[in-house]
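Visitor: Could you walk me through this one? I'd like to start with a helix and then wander around.

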Amino acid sequence: MPFDTQIIDAAARLGSAFAGNSAKFECRDEFVDENYDALKARKIFSAQVPEYLGGEGVSHRDMCAFLRRLAHDCPSTALAVSMHQHLVSAARKNHEDGKPGKALLEKVADGELVLVSTGANDWLESNGEARKVDGGYRIKAVKPFGSGSPRGDIAVTSCAFDCPDDGPSVLHFPVSLKAEGVELLDDWEAMGMRATGSQTIRFNDVFVPDAAVGLKRPRGPYHAAFSVIVTVAMPLIMSVYVGLAESAAALALEKAKARTNDPVTVLHVGEMQNLLVTAQLAVDSMIALCDDLAFAPSEELASQVLVRKTICANAVIAVTEKALEVCGGSGFMRKAGIERLLRDAHASQFHPLPEKRQQMLTDRIALGLTPV
């Protein structure tokens with residue numbers, strides 16, 4: 001099935017415009033604000049929304065390809081956008097399966113709204129405190145890693161709730177980032193992916209109406225919703241990291257051409273190419289498993305996607321480290337661009353699930369046990 005060349009061409013054009021300022025944003029810990037202006041003008045944030053709901057109907061597979069290409073020029077922009085896109089993908093999958101999702105998709109399309117995910121640090125337990133009040137809940141919570149939040153419109157988040165009837169629970173809901181009591185802490189000073197704006201969001205007694213709560217589940221056990229979230233999110237997110245690994249390998253290969261008579265350099269290039277293909281195969285396999293959102297959600301499928309996420313993350317990190325080795329001492333200099341990509345690559349290991357937690361979940365499912 002061929003890619004939609006229009007969306008891939010858009011990634012190349014946008015990336016070309018972003019490339020010149022990518023290092024500047026990163027060095028200053030600045031969010032890629034002006035890049036978001038260009039993305040909004042091209043309607044990238046609503047691109048995955050079905051045409052009959054006001055979007056372009058870009059497929060999940062093509063959005064993965066878009067993010068992978070964009071990451072060649074600005075990994076931070078691509079990663080921040082991937083966090084929005086995986087929420088759109090999940091809403092589209094739920095809507096197509098007859099579950100709630102249409103309203104969120106329509107909001108995104110109507111206003112080219114930016115969604116912000118806070119789920120990476122929550123996983124099954126979530127955090128915070130929800131207090132039941134007349135007509136809804138009052139939410140107090142602190143949520144790290146709100147990528148894209150400097151330009152965000154809606155946070156898609158969750159909060160722990162000590163339900164008097166059902167016991168420890170978690171509520172899932174969207175909430176406007178303009179709502180009273182929402183505070184952005186401007187604390188994103190990280191080793192890599194420095195321009196994603198992944199700051200902490202604090203909810204200070206924020207009101208969430210009953211109607212906004214899309215899911216209430218037990219706190220702690222694995223829930224079927226994660227079989228959707230994991231399966232749609234990981235291919236999008238890891239496509240970004242494969243894109244930056246491809247960029248690092250291309251930079252290193254260009255450097256290596258001046259030393260083709262050095263057998264060690266040639267060997268390093270061969271090792272780098274093998275690692276890059278491993279990362280590419282892993283992400284391509286994840287995308288195939290997602291099957292343009294036609295998959296049947298299951299614990300087993302989510303496990304297989306997470307296995308590939310681990311393989312991909314390890315290979316991406318290894319590619320960028322090998323690229324530095326290929327370049328030698330010159331690669332240690334900022335102007336070479338390798339050290340920035342290497343730092344960015346290391347963020348891949350922290351997306352759910354980190355390797356050992358993934359292995360525990362996969363092992364338990366393989367043995368016929370509950371996932372956690």
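Guide: Sure, let's take helix H6, residues 225-256. At 1.5 Å a residue, its 32 residues should span 46 Å, and the end C-alpha atoms are 47 Å apart, which agrees. The expected span here is 1.5 Å times one less than the number of residues, and helices (H or I, at least four residues) and strands (E, at least two) are DSSP runs, numbered from the N terminus.

Visitor: What kind of model is this, and how are things numbered?

Guide: This is a predicted model, where local features need pLDDT of at least 70 and side-chain atom pairs count only at pLDDT 80 or more, while totals for chains, interfaces and linings use all residues. Residues are numbered from 1 along each chain as its sequence is written, and side-chain values use heavy atoms, with hydrogens and water left out.

Visitor: Back to H6: where does it bend?

Guide: At alanine 233, by about 30°, and proline 235 follows within four residues. The bend is the angle between axes fitted to the seven residues ending at a residue and the seven starting there.

Visitor: How many of its residues are buried?

Guide: 25 of the 32 residues of H6 are buried, so H6 is largely enclosed by the rest of the structure. Buried means under 20% relative accessible area, exposed over 50%, and partly exposed in between (1.4 Å probe, protein chains only).

Visitor: New topic: how many aromatic pairs are there?

Guide: The count comes to six. Rings of Phe, Tyr and Trp (its six-membered ring) pair if their centres lie within 6.5 Å; planes under 30 degrees apart count as stacked, over 60 as edge-to-face and the rest as tilted. One of the pairs is tyrosine 137 with phenylalanine 161: the centres are 5.2 Å apart and the planes at 80°, so this pair is edge-to-face.

Visitor: Which strands do tyrosine 137 and phenylalanine 161 lie in?

Guide: Tyrosine 137 is in strand E3 and phenylalanine 161 in strand E4, so the pair ties together parts 24 residues apart in sequence. Both residues are buried.

Visitor: What about phenylalanine 145 and tryptophan 188?

Guide: They form an edge-to-face pair, 6.2 Å centre to centre with 85° between the planes. Phenylalanine 145 is partly exposed, with a relative accessible area of 41%.

Visitor: And serine 149, buried or exposed?

Guide: Buried, with a relative accessible area of 1%. Its side chain makes a 3.1 Å polar contact with the side chain of glutamine 199. A polar contact is a pair of N or O atoms within 3.5 Å; within protein, one must be able to donate a hydrogen and the other to accept it, and residues adjacent in sequence count only if both atoms are side-chain atoms.
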